[in-house]
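Q: I am in my first year and would like a close look at a single part of this model. Please take one helix, go through its residues with care, and then set that helix within the chain.

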Amino acid sequence: TATPAAVLLDLPSAVHWLIRDRGAVRPQPEWWLQVDPGQHTAAAAAATALPGLGVLDRQAVADTAARDPYWLGARTGLLAAALGAVLLALVGLAVDVWATARRRISELAVLHTLGATPRLLVRALLAEQTFLAGIGVGVGLLVGAGVGATLAPLVILDRAAGRPVPPAAFELPWLTTGGTAVGLLLAALTFSAMVAVGIRQRVAAAQLRIGGDR
């Protein structure tokens, strides 16, 4: 103002007052809309026809990116990283099962000496590996879901590097994630069964070693 008198106005307080007393709508730079797949084309055309709006069709962008060599390379790299993680988990499970069976063989030999049958030893070994593998897969699934739910809304921004409105929602593909977890659990049980096949010979050899040491 050019006069000596002036009014100092707090902008956030003024916006809240306008919204509360005047029924005004808070201005937002960007809105995200979700429509049914069958109505996507009609909704995109209707939004494009509105004046004063810039419409970004994410499905059209995804279709264009699917034919872009750069994004194809990025997707291939992410897929290779996921397959490498699964392969690393399988190797870790196999090594853990082998090390556990090798470490427990003397205990199993003592139990066999006390009267436990080989079938009972196999069932005990399989039950132990099922329990351990189930805990590992369950904890890994919960930790992965927690990390995804924490980071996904933080890394999704609009074109102005701001928070989208409405805020990003975290969705976990339970079918793919659950299938991977069940596959790892079945792989651990398969490795345990392969180790348990020769449990009779290993227990007999461990008993001979124990007798020879004594």
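A: What follows is a close look at helix 5, and after that at its surroundings. Please keep in mind throughout that this is a predicted model.

Helix 5 covers residues 118-155, and two of its residues, Gln 129 and Leu 154, make a useful pair to study. Gln 129 has its place in helix 5, and with a relative accessible area of 3% it counts as buried, because buried means under 20%. Which residues does Gln 129 contact, once its neighbours within four places in sequence are left aside? They are Asp 96, Val 97, Thr 100 and Ser 192. Ser 192 is itself one of the buried residues of helix 6, among which are also Ala 188 and Val 195.

Leu 154, also in helix 5, has a relative accessible area of 47%, and it is therefore called partly exposed, since that value falls between the 20% limit for buried and the 50% limit for exposed. Leu 154 also belongs to a nonpolar surface patch of about 830 Å², which it makes together with Phe 131, Leu 132, Ile 135, Val 139, Val 143, Val 147, Leu 151 and Val 155.

The UniProt record, in an unreviewed entry, places the feature "transmembrane region" at residues 78-99, 131-157 and 177-199. In the model, the span of residues 131-157 is 93% helix and 0% strand, and its end C-alpha atoms lie 41 Å apart. For residues 78-99 the corresponding distance is 31 Å, and that span is 100% helix and 0% strand.

Helix 6, to which Ser 192 belongs, allows a simple check of length. With 24 residues (174-197) and 1.5 Å a residue, helix 6 should span 34 Å, and its end C-alpha atoms are indeed 34 Å apart, so the expected and the modelled values agree. Its buried residues include Ala 181, Leu 184 and Ala 187 as well.

Stepping back to the protein chain, we find seven helices and zero strands, which read along the sequence as α-α-α-α-α-α-α. Of the 214 residues, 16% count as buried, and Gln 129 is one of the buried residues. The chain exposes about 16000 Å², of which carbon and sulfur atoms supply 68%. Finally, among contacts between residues at least 6 apart in sequence, 71% join residues at least 24 apart.

Definitions and conventions: Residues are numbered from 1 along each chain as its sequence is written. This is a predicted model: local features need pLDDT of at least 70, side-chain atom pairs count only at pLDDT 80 or more; totals for chains, interfaces and linings use all residues. Side-chain values use heavy atoms; hydrogens and water are left out. Patches are made of residues with over 30% relative accessible area and no salt bridge: like charges are joined within 9 Å, nonpolar side chains (Val, Leu, Ile, Met, Phe, Trp, Tyr) within 5 Å. Accessible areas come from the Shrake-Rupley method with a 1.4 Å probe; for residues, only the protein chains shown count as cover. A salt bridge is a side-chain nitrogen of Lys or Arg within 4 Å of a carboxyl oxygen of Asp or Glu. Helices (H or I, at least four residues) and strands (E, at least two) are DSSP runs, numbered from the N terminus. Buried means under 20% relative accessible area, exposed over 50%, partly exposed in between (1.4 Å probe, protein chains only). The expected span of a helix is 1.5 Å times one less than its number of residues. Contact means heavy atoms within 4.5 Å. UniProt positions are given in the numbering used here, feature names are shortened, and annotations may be inferred rather than shown by experiment.
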